[in-house]
Amino acid sequence: GGIGGGGNFVLGGPRPGGGIIGGFPGGPALSAGIHEVTIDHSLLEPIKLDIDPEIHKVRTEEREQIKTLNNKFATFIDKVRFLEQQNKVLETKWALLQEQGGQTTGSRRDAIEPLFDVYINNLRHQLDSLNNDRNRLDGELTNMQDLVEEFKQKYEDEINKRTAAENEFVVLKKDVDA
């Protein structure tokens, strides 16, 4: 093989009075001789490194956890809205009953009022409980989002480390081959 052809390069040749040096014919002959250089083409192909399947598994689990938390949060919000609507309906009914209460006898109003008070207090307790659940779920969602960001950063750092190691390997391989 000659220069620019296949995988082998031979410098110097049987030319009288000179050889090929640096691609220039007619240069002075080298007394020590130049050895044949071979290139291993398999080293020029990119290294195939697979991404750790554990990282994919962890990211999938995190996505599922976030979906679950979002679904719980959406359900919770729906419950709160429903209870708020119920509360408005009851307040309207209560206002109507109070208006009618002036027209009815006092004993009837006195009998109904404690029932509504108990019912309203029960609804307020349910609303407080749902608000507490909402705050707790908000905290869990924030924690999960922070964890996802942390894992994302770790993943990117590992990718950068791997890329740097691959580049260093290529440089070292070139140095060893030279």
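What is the volume of the largest pocket?

1. The structure is a predicted model, and in it the largest pocket has a volume of about 420 Å³. Its lining is made up of 18 residues, and those that lie nearest the centre of the pocket are Leu43, Leu44, Lys173, Lys174 and Asp177.

2. As to where this lining comes from, strand 4 (37-38) and helix 2 are the elements that give two or more residues to the largest pocket, and helix 2 provides the largest share, with seven residues. In chemical character, the lining of the largest pocket divides into nine nonpolar residues, six charged residues and three polar ones.

3. Helix 2 also takes part in an aromatic contact, since Phe116 lies in helix 2 (residues 106-177) while its partner Trp94 lies in helix 1 (residues 53-101). The count of aromatic pairs comes to one, and this pair, formed by Trp94 and Phe116, is tilted, with 5.2 Å from centre to centre and 55° between the planes. The two residues are 22 residues apart, and the pair thereby links distant parts of the chain. Trp94 and Phe116 are both buried.

4. A further contact with a ring involves a charged side chain: Arg59 lies over the face of Tyr155, at 5.5 Å from the ring centre. This places Arg59 within the 6 Å that is required for a charge to count as sitting over a ring.

Key
Residues are numbered from 1 along each chain as its sequence is written. This is a predicted model: local features need pLDDT of at least 70, side-chain atom pairs count only at pLDDT 80 or more; totals for chains, interfaces and linings use all residues. Side-chain values use heavy atoms; hydrogens and water are left out. Rings of Phe, Tyr and Trp (its six-membered ring) pair if their centres lie within 6.5 Å; planes under 30 degrees apart count as stacked, over 60 as edge-to-face and the rest as tilted. Helices (H or I, at least four residues) and strands (E, at least two) are DSSP runs, numbered from the N terminus. Buried means under 20% relative accessible area, exposed over 50%, partly exposed in between (1.4 Å probe, protein chains only). A charge sits over a ring if NZ of Lys or CZ of Arg is within 6 Å of the ring centre and within 35 degrees of the ring normal. On a 1 Å grid over the protein atoms alone, a cavity is a set of points where a 1.4 Å probe fits but cannot get out, and a pocket is an open set with protein on both sides within 12 Å along at least five of seven lines; lining residues have an atom within 4 Å of a point. Grid points are joined across faces, edges and corners, and a volume is the space filled by probe spheres set on the points. Ala, Val, Leu, Ile, Met, Phe, Trp, Tyr, Cys and Pro count as nonpolar, Asp, Glu, Lys and Arg as charged, and the others, Gly among them, as polar.
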